[in-house]
Amino acid sequence: MDSQGLAVRLLQDFVLLTTAVEVAQHWRELADKLTKISKQQIEAYESPHRDKNGIVDNEAMWKPAYDFLLTWSQQMGDSYRDVIQELHTALDRMKNPITKRWQHLTGTLILVNSLEVLRAAAFNPLADQEDFAI
């Protein structure tokens, strides 16, 4: 993994974690927007985080959300842009989209797309022969 790959991986992990925290109480709705999820699957994500009374505490609801998002992103494959774009689209389709007040995801999507342009310019074999203004 090169430096851009590492940076993008860190960005994607940051996006998944912060999204899980932001949508904690509404993670089931997000999961349904990303992929049709069954009650049994929801139970499987929530069961490790239940307390002694069998309840997932409100403060701990980000944990099943993160578990789901991590699993979902791995199933999406290696395209970090597709993962972030699909996540952004699903968040927009929620009843009360957090993307209206939470622009971090949009900014990250722009950053990730800019990294592709930077990589193309920085590692272009013809770069020694041409001048690039950045």
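Two residues are in contact here when their heavy atoms come within 4.5 Å. Take S73 as a starter: leaving out anything up to four places away in sequence, S73 touches Q12, L16 and V83. Keep in mind that you're looking at a predicted model. The chain is built from six helices and zero strands, and there's a nonpolar core that every one of those helices feeds into with at least two residues.

**The overall build**

- Read from the N terminus, the elements go α-α-α-α-α-α, so you won't find a strand anywhere, because the count of strands, which are DSSP runs of E at least two residues long, is zero.
- Put a box around the C-alpha atoms, lined up with the principal axes, and you get roughly 70 × 30 × 25 Å.
- The radius of gyration of the chain is 18 Å, while a compact globule of 134 residues would be near 14 Å.
- Look at contacts between residues at least 6 apart in sequence: 62% of them join residues at least 24 apart.

**Surface and charge**

- About 8600 Å² of the chain is exposed, and carbon and sulfur atoms supply 53% of that area.
- On the inside, 34% of the 134 residues count as buried.
- The chain has 14 positive and 19 negative charges, and the mean positions of the two groups sit 10 Å apart.

**The nonpolar core**

- In soluble globular proteins, nonpolar side chains tend to be buried together.
- In this chain, the largest nonpolar core has 34 residues, and the ones touching the most other members are W27, L30, L34, F68, L69, L87 and L91.
- Each of these helices gives at least two residues to the core: α1 (3-22), α2 (27-34), α3 (39-46), α4 (62-76), α5 (80-92) and α6 (104-122).
- Helix α5 provides the largest share of the core, with six residues.
- F68 is a handy one to click on: setting aside residues up to four places away in sequence, F68 touches W27, A31, L34, T35, I37 and Y45.

**Three stops along helix α1**

- D13 has its place in helix α1.
- Is D13 buried or exposed? Neither, quite: D13 has a relative accessible area of 24%, so D13 is partly exposed, since buried means under 20% and exposed means over 50%.
- From D13 to V56 is 43 residues in sequence and 23 Å in space, C-alpha to C-alpha.
- T19 is also found in helix α1, and T19 counts as buried because its relative accessible area is 0%.
- What does T19 touch, beyond its neighbours within four places in sequence? The partners are L30, L69, L87, L91 and W102.
- Four of those names should ring a bell, as L30, L69, L87 and L91 are among the core residues that touch the most other members.
- T19 and I98 are 79 residues apart along the chain, yet their C-alpha atoms are separated by 9.3 Å.
- V21 lies in helix α1 too, but V21 is partly exposed, because its relative accessible area is 48%.
- The C-alpha atoms of V21 and L70 are separated by 13 Å, with their positions 49 residues apart along the chain.

**Helix α4 and the loop before it**

- Back to S73 from the opening: S73 lies in helix α4.
- Why does S73 count as buried? Its relative accessible area is 5%, so S73 falls in the buried class, for which the cut-off is under 20%.
- I55 has its place in the loop between α3 and α4.
- Which residues does I55 touch, not counting those up to four places away in sequence? They are H49 and R50.
- I55 and A44 are eleven residues apart in sequence, and C-alpha to C-alpha they are 13 Å apart in space.

Key
Residues are numbered from 1 along each chain as its sequence is written. This is a predicted model: local features need pLDDT of at least 70, side-chain atom pairs count only at pLDDT 80 or more; totals for chains, interfaces and linings use all residues. Side-chain values use heavy atoms; hydrogens and water are left out. Helices (H or I, at least four residues) and strands (E, at least two) are DSSP runs, numbered from the N terminus. The radius of gyration is taken over C-alpha atoms; the globule rule is 2.2 Å times the number of residues to the power 0.38. Buried means under 20% relative accessible area, exposed over 50%, partly exposed in between (1.4 Å probe, protein chains only). Accessible areas come from the Shrake-Rupley method with a 1.4 Å probe; for residues, only the protein chains shown count as cover. Lys and Arg count as positive and Asp and Glu as negative; His and the chain ends are not counted. The place of a charge is taken as NZ of Lys, CZ of Arg, CG of Asp or CD of Glu. A nonpolar core is a set of buried Ala, Val, Leu, Ile, Met, Phe, Trp, Tyr and Cys residues joined through side-chain atoms within 4.5 Å.
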